[in-house]
Amino acid sequence: MEPDVSKSDVSKSDVSKCRVCAGEVRKFFDFGTQPLSDAFLTEREADQAFHFRLAVGLCTACTMVQLLEEVPRERMFHHDYPYHSSGSRHMREHFAQTARELLATELTGPDPFCVEIGSNDGVMLGVIKDAGVRHLGVEPSGGVAELARKDGVRVRTDFFEESTARLIAAEDGPADVVYAANTICHIPYLDSILRGVDILLRPGGVFVFEDPYLGDIAERNTFDQIYDEHFYLFTARSVRGVARRFGFELVDVRRLPVHGGEVRYTLARQGEREVSPAVPALIEEEAGRGLAELETLEKLGQGIDRICADLVALLEDLRRQGRSVAGYGATAKSATVTNYAGIGPELLPCVYDTTPAKIGRLMPGSGIPIRAAGEFSRPYPDYAVLFAWNHTDEILAREAEFAAQGGKWIVYVPEVRVL
Ligand code: JHZ
Ligand code: SAH
Ligand code: ZN
């Protein structure tokens with residue numbers, strides 16, 4: 001008989017059970033106790049913060065990289081979920097381009113239907129709607145779903161899973177495309193997702209999704225992509241593995257230059273589409289880089305510790321010199337950096353951000369106050385830590401005056417550097 005292991009014992013362990021194949025997940029890095037990355041509390045709420053143990057491991061059976069502990073979905077995705085996809089011009093352009101491509105290649109039949117999982121504020125579906133194409137977003141976070149509806153996008157406020165797919169299929173009929181960006185890696189229960197997609201897709205339809213790519217994370221040590229919401233860090237090999245378990249095949253992959261490097265995966269039912277040569281090519285490249293080996297992934301840990309130590313040393317040095325420093329971009333990613341490195345208001349007195357739902361609140365865990373980006377110039381700090389490093393071009397252009405007046409940007413991936 002299996003021993004009855006209580007949850008707290010499991011959470012201290014260095015192994016867990018794979019959410020895909022029930023194999024053994026071996027830990028390769030542990031950030032310890034962390035707050036939720038997108039919980040921007042007010043000063044009065046700060047003592048109610050929810051914490052969990054952030055540790056990441058590799059399944060020794062199916063190679064899926066995943067967190068060892070799962071945060072209940074309703075704690076992360078709820079009415080006040082603060083992330084607005086439309087907050088970046090670069091991302092608006094990316095999703096408009098994505099929509100145009102789907103319209104030109106997959107939504108070409110007589111009355112096509114497109115479903116998006118995690119449609120957020122409608123940044124992608126808005127373009128599908130403007131083309132007059134039938135669509136539905138499935139979005140559990142009520143606030144952002146409401147923003148999309150105001151733009152005329154059809155949204156169901158719900159978590160996508162098998163039962164949701166059944167309801168949509170019954171009400172709207174089969175979908176030509178199920179699309180998701182930065183959402184599938186947030187969902188531990190891929191079994192229910194893939195069964196749902198199977199129920200919903202018309203014969204010959206495709207499931208297209210894009211998420212941060214472990215290959216890019218390992219290459220530039222963008223360790224701050226690891227936080228509560230990013231339950232999985234995918235590779236082409238691990239995605240092909242989970243696809244096959246549910247009767248799908250990975251038929252195409254494309255690397256994308258967004259959020260520090262992602263891959264767009266295209267899944268079709270087995271035997272329905274030809275597999276692009278890009279798929280075996282990427283899987284071979286991953287094997288050459290050892291991305292499914294614990295040893296390779298364990299090496300990232302040294303880089304994480306070095307980056308955090310260097311960043312703290314730089315901030316301490318600047319404080320000694322009497323230089324003013326602020327953060328830029330109250331990203332979900334930055335929660336991992338500030339809390340693991342131990343950076344609080346004494347080293348970084350405030351962070352600037354454009355998001356209304358974050359302004360006036362505190363950075364999770366570290367308690368650093370967030371101010372409106374419009375106040376960045378009043379007066380400019382001497383240095384600014386660019387937490388939204390994935391939007392470097394956009395932010396450096398928007399804040400060109402900061403550098404023009406002698407301000408210096410600090411980045412920390414792949415290493416700590418003053419630009
Ligand atoms: P950004 C979130 O991650 C969470 P985050 C989530 N888990 C995920 O995967 C990605 O999004 C998709 C601000 N900003 O995009 C806005 C400025 O202030 O790096 C945002 O708060 N000025 C779903 O939070 C933050 O920076 C600007 O000019 O790590 C950027 O967040 C721009 C462009 C952004 O995602
Ligand atoms: N696609 C957008 C939004 C990413 S944020 C973009 O790329 O910018 C992730 C979104 O997924 C959030 O809006 C969250 O509410 C949603 N989400 C989380 N779990 C989900 C689930 N099970 N089904 C549908 N959406 C989900
Ligand atoms: Zn596994």
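1. Pro 414 is placed in the loop that runs between β17 (408–411) and β18 (417–418). The peptide bond leading into this residue from Val 413 is cis, with omega near -5°. The model under review is predicted, and the points below should be read accordingly.

2. A cis peptide bond is also found between Arg 378 and Pro 379, where omega is about -15°. Pro 379 belongs to the loop between β15 (370–372) and β16 (383–386).

3. As to the overall fold, the protein contains 14 helices and 18 strands. The C-alpha trace spans about 65 × 55 × 40 Å along its principal axes. The radius of gyration is 21 Å, which agrees with the value near 22 Å that a compact globule of 419 residues would have.

4. Burial and contacts complete this general description. Of the 419 residues in the protein, 56% are buried. Among contacts between residues at least 6 apart in sequence, 68% join residues at least 24 apart. The exposed area comes to about 17500 Å², and carbon and sulfur atoms supply 49% of it.

5. The metal site deserves separate attention. Which atoms are the protein donors of the zinc ion (ligand 3)? They are the SG atoms of Cys 18, Cys 21, Cys 59 and Cys 62, lying 2.3 Å from the ion. The angles among the four donor atoms are 100 to 114°, and the site is tetrahedral. For comparison, the ideal angle for four tetrahedral donors is 109.5 degrees.

6. Along the chain, the zinc donors follow the spacing C-x2-C-x37-C-x2-C. Distant parts of the chain are linked by the pair Cys 18 and Cys 59, which are 41 residues apart. Cys 18 sits in the loop between β1 (15–17) and β2 (24–35), whereas Cys 59 is in strand β3 (residues 51–59). Cys 18 has 4% relative accessibility and therefore counts as buried. Cys 59 is buried as well, its relative accessible area being 1%.

7. Helix α3 (residues 89–105) has 17 residues. From its first C-alpha to its last, this helix reaches 24 Å, close to the 24 Å expected at 1.5 Å a residue. Its buried residues are Met 91, His 94, Phe 95, Ala 96, Thr 98, Ala 99, Leu 102 and Leu 103. The elements against which the buried residues of α3 pack are α4 (125–130) and the strands β8 (175–181), β9 (201–212), β11 (248–256) and β12 (262–269).

8. Helix α12 (residues 332–341) is mostly covered, with eight of its 10 residues buried. These buried residues are Ala 332, Lys 333, Ser 334, Ala 335, Thr 336, Val 337, Thr 338 and Ala 341. The cover over them includes β2, β3 and α11. One element of that cover, β3, also holds the zinc donor Cys 59. Just after α12, Gly 342 adopts a positive phi of about 80°.

9. Two residues other than glycine merit inspection of their backbone. Asn 221 is not a glycine, yet it has a positive phi of about 45°. Asn 221 is located in the loop between α8 (214–220) and β10 (232–233). Is Asn 221 buried or exposed? Its relative accessible area is 10%, so Asn 221 is buried.

10. His 259 likewise is not a glycine and has a positive phi of about 50°. The loop between β11 and β12 carries His 259, and both of these strands are packing partners of the buried residues of α3. With a relative accessible area of 12%, His 259 is buried, given that the cut-off for burial is under 20%.

11. Where does Leu 291 lie? Leu 291 is in the loop between α10 (278–288) and α11 (294–320). This loop residue is buried, with a relative accessible area of 4%. Neighbours within four places in sequence being left aside, its contacts are Tyr 213, Leu 214, Gly 215, Ala 218, Glu 286 and Leu 297. Leu 291 and Glu 146 are 145 residues apart along the chain, and their C-alpha atoms are separated by 40 Å.

Technical notes: Residues are numbered from 1 along each chain as its sequence is written. Chains are lettered from A and ligands numbered from 1 in the order in which they are written. This is a predicted model: local features need pLDDT of at least 70, side-chain atom pairs count only at pLDDT 80 or more; totals for chains, interfaces and linings use all residues. Side-chain values use heavy atoms; hydrogens and water are left out. Donors are N, O and S atoms within 2.8 Å of the metal (3.2 Å for Na, K and Ca); water is not among the atoms, so sites may look incomplete. Four donors count as tetrahedral if all angles lie between 85 and 135 degrees; four count as square planar and six as octahedral if opposite donors are over 155 degrees apart and all others between 65 and 115; anything else is irregular. Helices (H or I, at least four residues) and strands (E, at least two) are DSSP runs, numbered from the N terminus. Buried means under 20% relative accessible area, exposed over 50%, partly exposed in between (1.4 Å probe, protein chains only). The radius of gyration is taken over C-alpha atoms; the globule rule is 2.2 Å times the number of residues to the power 0.38. Contact means heavy atoms within 4.5 Å. Accessible areas come from the Shrake-Rupley method with a 1.4 Å probe; for residues, only the protein chains shown count as cover. The expected span of a helix is 1.5 Å times one less than its number of residues.
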